[in-house]
Amino acid sequence: MSENRHPLFYPLVVLGGLIQGFGLAYSGMARPEVVLDFLQFEDMGLVFVMGGAAVVSGVLFFAVPRLFDRAPLTGDAYGRRVRSMDRNVVAGGVVFGVGWGISGICPGAAYASVGIGNLTILWAIAGMFLGAYAQGYWRSRTRSGAAGSVPNDD
Amino acid sequence: MPVRRSGTRPGHVKPLLRVAHKTEVNDTERGLLVAAPTTGHGWSAVSVALQLAAELFPNGVTQYAVGGVLVAAGIGVIYLGTAIIPGNSTFLETTLSYVSDQPRFRRPTYLASRNWRVVFAVSIVAGAALWGLVLDPGAFTTEVQPWRLFGGGVLVGIGTRIGKGCTAGHGVCGLGSASRTSVVNVALFVLVAMVTAAVLGALGVAP
């Protein structure tokens, strides 16, 4: 892959990942037990993790595009994260929900969980790759799947 | 209500922080709760509210809110510099493009973003490790059974990719973007996860 990235592009991605990983560990979300406690109404603190993060990023997503034109490291215009609504969003949410309720772990929290020494979580990450592969294999064989739902972040 | 698995998380508690939270919050609440009945009717509503808060948030909310703000800050620095809004589950598919020729994984947008997504995921691992080094809680190992992690993980992998996002992509970035698609997705996966956890609890699956 030839990449013409700004020299600060990767350092910034590293910085962002470090902060997010630290935050996921600090919040407790990297521990499946904490998520399962939330899902069983024993400790609703997780509302403040996702809610707090959504509020702060919401402020950013609405303020930054009004203050600046283009991002310094890519020259891209600032936008929001909006995906089209279809049946996949519903089906995917339900399947993800069953998986989250069984395992107590989601992708970002799983990566952070490795960082706090929880190697057992590699079972979950292996499962996630297998699941992602299975749906990709299946969708590669249906025209709509291969073309649909392209993420716009590059 | 399932039996509380209070004995299932040794090692994960950061003693100083947890203890500080608990005594701080509970002392305040206890003081008010004791004072409430003797100081008139207005206090009973406050007392009920505090009791409910203590029930719902037995460990306080500080660590959760601070963690959430940091999660957003990580997204924010990348967004400010690049205009990219980084989710966490696309990494699963873009990384598969290194080893698979399936057309789904080899779309141009995936090939273009797969390198930084690997860097991002590895940095999340490192950031969490940094938390361990700085605050020294000792290594944590989950007691949730491997079949739950693996089986649940498979469904998380399928569901997040079909549904166009995960807890970060829809739950943080999508909600932060006031995206109706994300509101629908998040409401569904949280509700379904609660029902799933309740069913497993009723079946006696623990941890």
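Start by selecting residues 32-39 and 87-103 of chain A, which are helices H2 and H4. In this predicted model, the two helices pack at an angle of about 115 degrees, and their axes lie 8 Å apart. Angles of 65 to 115 degrees count as roughly perpendicular, so H2(A) is roughly perpendicular to H4(A).

Now show side chains at this crossing. On the H2(A) side, pick A:Pro32, A:Val35, A:Leu36, A:Phe38 and A:Leu39. They meet A:Trp100, A:Gly101 and A:Ser103 of H4(A). Colour the contact of H2(A) with H4(A) by class: six residues are nonpolar, two are polar and none is charged.

Next, bring chain B into view. Select the residues of chain A in contact with chain B, and you should have 119. Reverse the selection, and chain B contributes 128. The area buried between the two chains is about 11300 Å². Carbon and sulfur atoms give 70% of that area. Highlight A:Tyr26, A:Arg81 and A:Tyr111: these three supply 8% of the area that chain A buries against chain B, more than any other three residues.

Move on to the charged pairs. How many salt bridges does the rule find across the interface of chain A and chain B? There is one. Zoom in on A:Asp86 and B:Lys164, whose side chains meet in a salt bridge at 2.8 Å, N to O. Over all chains, the count of salt bridges comes to three. Step back to see the backbone around the pair: A:Asp86 sits in the loop between H3 and H4 of chain A, and B:Lys164 in the loop between helix H6 (146-162) and helix H7 (167-176) of chain B, so the pair joins two chains.

Then turn on polar contacts between the chains. Between chain A and chain B, 34 residue pairs are in polar contact, with both residues at pLDDT 80 or more.

Finish with the side of chain A that touches chain B. Select helix H1 (9-27), H2, helix H3 (46-67), H4, helix H5 (107-115), helix H6 (122-140) and helix H7 (143-147) of chain A; each supplies at least two residues of that side. Which helix gives the most to it? Keep H1(A) selected, since that is the one, with 18 residues. Last, colour this side of chain A by class: 69 residues are nonpolar, 34 polar and 16 charged.

How values were computed:
Residues are numbered from 1 along each chain as its sequence is written. Chains are lettered from A and ligands numbered from 1 in the order in which they are written. Side-chain values use heavy atoms; hydrogens and water are left out. Axes are lines fitted to C-alpha atoms, for helices over the stretch in contact, and angles run from 0 to 180 degrees between N-to-C directions. Helices (H or I, at least four residues) and strands (E, at least two) are DSSP runs, numbered from the N terminus. Angles under 35 degrees count as roughly parallel, over 145 as roughly antiparallel, 65 to 115 as roughly perpendicular and the rest as oblique. Contact means heavy atoms within 4.5 Å. Ala, Val, Leu, Ile, Met, Phe, Trp, Tyr, Cys and Pro count as nonpolar, Asp, Glu, Lys and Arg as charged, and the others, Gly among them, as polar. Buried area is the accessible area (1.4 Å probe) that two parts lose on being put together, summed over both. A salt bridge is a side-chain nitrogen of Lys or Arg within 4 Å of a carboxyl oxygen of Asp or Glu. A polar contact is a pair of N or O atoms within 3.5 Å; within protein, one must be able to donate a hydrogen and the other to accept it, and residues adjacent in sequence count only if both atoms are side-chain atoms.
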